[in-house]
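Q: Hi, I'm new to this one and would love a quick tour. Could you put it up on the screen?
A: Happy to, here you go.
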Amino acid sequence: MTTPGSDGADLLTMLNGSQVVAALAPNFDCLQHHQHEHLVTAAEGLTHPYSRAGALAGFGPGLAALAPELHPRLVTAAEGLTDEGFRATALAGFGPGLAALAPELHQRLVTAAEGLTNEGPRATALAGFGPGLAALAPELHQRLVTAAEGLTSPYSQATALAGFGPGLAALAPELHQRLVTAAEGLTNEGPRATALAGFGPGLAALAPELHQRLVTAAEGIRERLRGTALADFGPGLAALAPELHPRLVTAAEGLTDEFQRSMALAGFGPGLAALAPELHQRLVTAAEGLTDEGPRARALAGFGPGLAALAPELHQRLVTAAEGLTNEGPRARALAGFGPGLAALAPELHPRLVTAAEGLTDEGPRATALAGFGPGLAALAPELHQRLVTAAEGLTDERFRARALAGFGPGLAALAPELHQRLVTAAEGLTDEVQRSMALAGFGPGLAALAPELHQRLVTVAEGLTYPYSHATALAGFGPGLAALAPELHQRLVTVAEGIHERLRAEALAPLAR
């Protein structure tokens, strides 16, 4: 992306790291060693601690691609941040890449986290290590759990406990006991709900006795918070004993607050395959019975990832329920939620969904529905692809057209080349460059499916943007597909990045961090 002996300004350097580093981290292995060094040097040289912390954190997912001699420099830069909030941000960002670091760096990172005097930042740092716990020595596990137990603020302790969820499988059973006990001991129900929800991704690692205790704890939380706690058990339902499943469904059905009930129902979506058919029936009936269309749409959309587990008769009922929503906003959200599960639905249901999307008279909801179909485009017939692209092209408000175009990005590989041409042409034709940049960014995940000539055109469009925010948005969006672009296009993106003023870059990238 840049050549040895140049001023060291490459794409990520010029964009102040933070969000663009995060976007491109999985593609660090596409870069050369000297380019990695320029990245690290750029991060070390950022003067604003917000930008430096964000850039350092952004390296986390790509640490394995960096040369080992660069790792200590990143850790040293994180340790050197004087503001504890920014230091915690940087430390937490290393979590996904801990396996790439040497044991002595693990020691330094844990020590740095323990040394944060403010409990909020300390909890942030501890939670950030969760995805990388498997890389740490058992002695460090002990220290991290002890540090979490020692937090006196229930909110901070809940943050730390919840953050350990993705890494529970790496911890010894005795530590599991301590973590569950700590969660049960939180007297404030809000933090307790947060902690319980955080264990969801790691339920498979816990003993059945702890599953019982967690479900009992969730059942005992007051209604205003119970839906959130129940929802996060969804991805881990397969790990629970079958006798616990009816208890969770019953707890969800019993919520009188429809918002909380819809949260719980939607949360079960990813785990539907673990439930018995009779529970599927009850969940769909509960969703149909929500009188407020907003919560009903949320529940219907939440079932999308788990549609493959449901009987065809339930698919029919869900599609009918979505079609029956009279308010276009909720109807669009329900339709969009089915996108990830389109492959599970019978082909005769696909035209009904597309027709429902086309029939939305308000362009905002129509764009939402169209964009939601993106992840499931491969399941649809070519004739439906044509209709979806035509519907997107026909949106007169550029904000909504850009939203629809961007949503097709993850499914570009399923579309015919002539549709690729039309989508790129539609993006080029957006006169509002903020919207143009959003459309470009959406194509990022699907760049590998596009012809090289279209890559050229997309980079040319990015070069033609004038606002720093627009440049940053487009360049960050290209991240997931960077490996598909020719080196010559990488260099052209570098040139685009060089024109962005540093302070404006930081302000433009900050919203992308959320």
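Q: Let's jump right in: which helices do the buried residues of H16 pack against?
A: They pack against helix H14 (223–231), helix H15 (244–253), helix H17 (277–288) and helix H18 (293–302). Keep in mind as we go that this is a predicted model.

Q: Thanks! And how many residues of H16 are buried?
A: Eight of its 10 residues are buried, so helix H16 (residues 258–267) is mostly covered. The buried residues are Glu258, Gln260, Arg261, Ser262, Ala264, Leu265, Ala266 and Gly267.

Q: What goes on at the start of H16?
A: A side-chain oxygen of aspartate 257 comes to within 2.9 Å of the backbone nitrogen of phenylalanine 259 there.

Q: Let me zoom out. How many helices and strands does the chain have?
A: The chain has 30 helices and zero strands. It has 514 residues, and 58% of them count as buried.

Q: What about contacts between residues far apart in sequence?
A: Take the contacts between residues at least 6 apart in sequence: 72% of them join residues at least 24 apart.

Q: Which residues have the most contacts inside the largest nonpolar core?
A: Those are Leu126, Leu265, Leu300, Leu335, Leu370 and Leu405, in a core of 156 residues. Leu265 also appears among the buried residues of H16.

Q: Pick leucine 335, then. What is it in contact with?
A: Setting aside neighbours within four places in sequence, leucine 335 contacts Ala322, Leu353, Ala356, Ala357, Leu360, Ala369 and Phe373.

Q: New topic: alanine 392. Where is it, and is it buried or exposed?
A: Alanine 392 belongs to helix H23 (residues 382–393). Its relative accessible area is 0%, so it counts as buried.

Q: What does alanine 392 touch?
A: Leaving out residues up to four places away in sequence, alanine 392 touches Leu370, Arg401, Ala404, Leu405 and Phe408. As for leucine 370, it is 22 residues from alanine 392 in sequence, and their C-alpha atoms are 7.2 Å apart.

Q: Some of those names sound like H24. How many residues of helix H24 are buried?
A: Seven of the 10 residues of helix H24 (residues 398–407) are buried, so the helix is largely enclosed by the rest of the structure. The buried ones are Glu398, Phe400, Arg401, Ala402, Ala404, Leu405 and Gly407.

Q: And what covers them?
A: The cover includes helix H22 (363–372), H23, helix H25 (417–428) and helix H26 (433–443).

Q: Can we look at histidine 350? Which helix is it in, and is it buried or exposed?
A: Histidine 350 sits in helix H21 (residues 349–358). With a relative accessible area of 5%, it is buried.

Q: Which residues is histidine 350 in contact with?
A: Not counting neighbours within four places in sequence, they are Leu342, Leu345, Ala379, Leu380 and Leu384. A polar atom of the histidine 350 side chain lies 3.5 Å from the backbone oxygen of leucine 345.

Q: Last one: at what angle do H4 and H6 pack?
A: Helix H4 (residues 49–58) and helix H6 (residues 84–93) pack at about 10°, and their axes are 7 Å apart. That makes H4 roughly parallel to H6.

Q: Which residues meet there?
A: From H4 come Pro49, Tyr50, Ala53, Leu56 and Ala57, which meet Phe86, Thr89, Ala90 and Gly93 in H6. Seven of the residues in this contact are nonpolar, two are polar and none is charged.

Methods:
Residues are numbered from 1 along each chain as its sequence is written. This is a predicted model: local features need pLDDT of at least 70, side-chain atom pairs count only at pLDDT 80 or more; totals for chains, interfaces and linings use all residues. Side-chain values use heavy atoms; hydrogens and water are left out. A nonpolar core is a set of buried Ala, Val, Leu, Ile, Met, Phe, Trp, Tyr and Cys residues joined through side-chain atoms within 4.5 Å. Buried means under 20% relative accessible area, exposed over 50%, partly exposed in between (1.4 Å probe, protein chains only). Contact means heavy atoms within 4.5 Å. Helices (H or I, at least four residues) and strands (E, at least two) are DSSP runs, numbered from the N terminus. Axes are lines fitted to C-alpha atoms, for helices over the stretch in contact, and angles run from 0 to 180 degrees between N-to-C directions. Angles under 35 degrees count as roughly parallel, over 145 as roughly antiparallel, 65 to 115 as roughly perpendicular and the rest as oblique. Ala, Val, Leu, Ile, Met, Phe, Trp, Tyr, Cys and Pro count as nonpolar, Asp, Glu, Lys and Arg as charged, and the others, Gly among them, as polar. A polar contact is a pair of N or O atoms within 3.5 Å; within protein, one must be able to donate a hydrogen and the other to accept it, and residues adjacent in sequence count only if both atoms are side-chain atoms.
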